[in-house]
Amino acid sequence: MRNIDVCLSSEGTEVILATSSDEKHPPENIIDGNPETFWTTTGMFPQEFIICFHKHVRIERLLIQSYFGK
């Protein structure tokens, strides 16, 4: 069985909520599969996003990369 990244937009996944957005770096960049793109937040408050999977998925690994976080 091959591993599929179910968190990609190409697999039907969507970002349905993000607490902030920047037009140059929108939340959809989280799931585009391109390591050169990213989501950037615009404020001091805790940030969150909600990802919607359109099928039942089994999450075996979660990778979050953060830069300059405080």
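A cavity is a set of grid points where a 1.4 Å probe fits but cannot get out, and its lining residues have an atom within 4 Å of a point. The legends below concern a predicted model.

**Figure 1. Lining of the largest cavity in the predicted model.** The residues that line the largest cavity are V6, E11, G12, T13, F53, H54, K55 and V57. The space inside this cavity amounts to about 30 Å³. The structure holds one cavity of 30 Å³ or more.

**Figure 2. The chain as a whole.** Two strands and zero helices make up the count of such elements in the chain. Along the principal axes, the C-alpha atoms fill a box of roughly 40 × 20 × 20 Å. The chain has 70 residues, of which 10% count as buried. Among contacts with a separation of 6 or more, 40% are made by residues 24 or more positions apart.

**Figure 3. Accessible surface and charges of the chain.** The chain exposes an accessible surface of about 6,400 Å², and carbon and sulfur atoms contribute 53% of that area. The chain carries 6 positive and 10 negative charges. A distance of 7 Å separates the mean position of the positive charges from that of the negative charges.

**Figure 4. Surroundings of N29, in the loop between β1 and β2.** The loop that holds N29 lies between strand β1, residues 14-18, and strand β2, residues 49-52. N29 counts as buried because its relative accessibility is 14%, and buried means under 20%. Apart from neighbours within four places in sequence, the contacts of N29 are K24, T37, F38 and W39.

**Figure 5. Surroundings of A18, in strand β1.** A18 has its place in strand β1. The relative accessibility of A18 is 26%, so this residue counts as partly exposed; that class runs between the limits of 20% and 50%. When neighbours within four places in sequence are left aside, A18 is in contact with P27, W39, E48 and F49. The C-alpha atom of A18 is separated by 11 Å from that of P46, a residue 28 residues apart from A18 along the chain.

**Figure 6. W39 with A18 and N29.** This view brings together two of the contacts already described. W39 is one of the residues in contact with N29, and W39 is also among the contacts of A18. Of these partners, N29 counts as buried, whereas A18 counts as partly exposed.

How values were computed:
Residues numbered from 1 in each chain as written. Predicted model: local features only at pLDDT ≥ 70, side-chain atom pairs only at ≥ 80, totals over all residues. Heavy atoms only, no water. Helix = DSSP H or I, 4+ residues; strand = E, 2+ residues; numbered from the N terminus. Buried < 20%, exposed > 50% of the residue type's maximum accessible area, 1.4 Å probe, protein only. Contact = heavy atoms within 4.5 Å. Areas by Shrake-Rupley, 256 points an atom, 1.4 Å probe, with all protein chains shown as cover. Lys, Arg positive; Asp, Glu negative; His and termini not counted. Charge placed at Lys NZ, Arg CZ, Asp CG, Glu CD. 1 Å grid on protein atoms, 1.4 Å probe; cavity = no way out; pocket = protein on both sides within 12 Å on 5 of 7 lines; lining within 4 Å. Points joined across faces, edges and corners; volume = space filled by probe spheres on them.
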